[in-house]
Structures are given as C-alpha cells and as structure tokens.
Amino acid sequence: MTPEVAQAVEEVRAAFPGVVINVREEPDGGAVVFVESVDPGEQYQQRSTWIGFRITFQYPYSDVYPHFVRDDLARVDGAGLGEGMTVTTFEDRQAVQISRRSNKLNPAHDTAVIKLHKVLAWLRAR
Amino acid sequence: MTSTVEQATQVGAGHQVTITVNTKAVTVTGPRLTGLQIKEAAIAQGVQIELDFLLSEELPSGETRIVGDADEVTVNKHSKFTAVAGDDNS
C-alpha cells in the first residue's frame, strides 16, 4: 500500500473499534477494505451489513467510490432501495452498490473514513 | 425569565475557545455549540467551507463522529472538526 492508503486504512480501523475489518492489498498500492459490521439504520430489515470499498493508489487525489453493502438489504416498509443503489457484485460478493460521488473532492479533507461516514449517514437518512 | 443555571447551559453561552476546523484555527464561544454554529463561525473567520458541508469531529480516540446542524457538542482547545462538501448520486 502507498503510505497514504495505509494511513487511510488505519483511520478506518480507528473509527470502528471492535469491528472486524478485512483489507486486501492491491499490487499497485491501493487496497480493498471491508468493514464487516455496521448498522445501516432502522428503516432496513437487516440491522447489520458489511460495507466495502476500494481505496485506489491515487488516493487522496481520487474519490473513494463507490461503496458496497450486502445484496439482500431491504427496507422495512417494502419500498425499493431507490436511486443511487443497484445490485451488482464486488470482490466476489453479491452486493448493492452505493453510488455517491464526491464531485467537490478536497484531497486535504475528504478522507476515506469521512467518506465512509458520509455514505453511512446518507444510507441512514433515506 | 431565564434562571442563571439555564443561562449557563444555553448553547453558545460561555467562554472563548479556539478550535480547529479543516486545520484552521477558529475562535468560538463555548463550551457547547451546535454543528451549524461551528460552521457559521468557521465561515465568518475565513475557512473555505459552506453551510451545507458535512461536519465531523475527530475524537481523541481516533474515531470520527458526524455532527449534524442541530447536534450540540462540547468543545475545548483540542477539538478538531472537518467540514467537507456533500456527495451526489451518480
């Protein structure tokens, strides 16, 4: 991993104490990260999901995008998941892709862990 | 009429404290402020953010906590916040 990617991974680990976090290093210096248990919010039938994402070797100058969660995520009210979310695969896992792009990316402050929190906050607010 | 105790616990009432927002020093009236008040103070003091940015607090443990506009937080001279633009569906 590049030093920047390694630091981003450590910041994710620090942000989720006690949660299993799996990391696969990529040959080019990036990493694929899975936070194995987060709460997507009470509006979902499942109160726990993994969330995965790729931090590319260009980080912090590239967006950490998209994110992926369990493929069977379903709303309690029976409604669809809505825009920004599509069923796909990620790293051999069936998944729902969450497509939230940081169009005003600021490399100095848009860290991977803050992006993860933004995605989770968006997911929980839907 | 508001009691002294109530006045002391009002958001924004208290002493001046310098916190950090996006690595810039920002002086606020603490100890308790809302997320919106922190962003307003940062903008007024030249930090290049906007009111609709998402605010988060870096806790001493290394954890990051999202601070909503109406959320109240207790600040001190070690308080560090980050504000970033929101995301868009793509």
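Which backbone nitrogen lies 3.4 Å from a polar atom of the side chain of Ser62(A)? That nitrogen belongs to Tyr59(A). The model is predicted, so that local features need pLDDT of at least 70 and side-chain atom pairs count only at pLDDT 80 or more, while totals for chains, interfaces and linings use all residues. Residues are numbered from 1 along each chain as its sequence is written, chains are lettered from A and ligands numbered from 1 in the order in which they are written, and side-chain values use heavy atoms, with hydrogens and water left out.

Ser62(A) sits in the loop that runs between β3 (49–55) and β4 (67–70) of chain A, where strands (E, at least two residues) and helices (H or I, at least four) are DSSP runs numbered from the N terminus. With a relative accessible area of 16%, Ser62(A) is buried, a word that means under 20% relative accessible area, calculated with a 1.4 Å probe on protein chains only. Apart from its neighbours within four places in sequence, Ser62(A) is in contact with Thr56(A) and Leu105(A), contact meaning heavy atoms within 4.5 Å.

The two strands on either side of this loop, β3(A) and β4(A), pair in the antiparallel sense over three bridges, and two strands pair if DSSP finds at least two bridges between them. Within this pair, Phe53(A) has His67(A) in β4(A) as its bridge partner.

The wider setting is an open sheet of six strands in chain A, ordered β1-β2-β3-β4-β6-β5 with antiparallel pairing. Because β1 (21–25) and β5 (85–90) of chain A stand at the edges with a single partner strand each, one side of each is left without a neighbour in the sheet.

Technical notes. Buried < 20%, exposed > 50% of the residue type's maximum accessible area, 1.4 Å probe, protein only. Polar contact = N/O pair within 3.5 Å; in protein donor to acceptor, adjacent residues only side chain to side chain.
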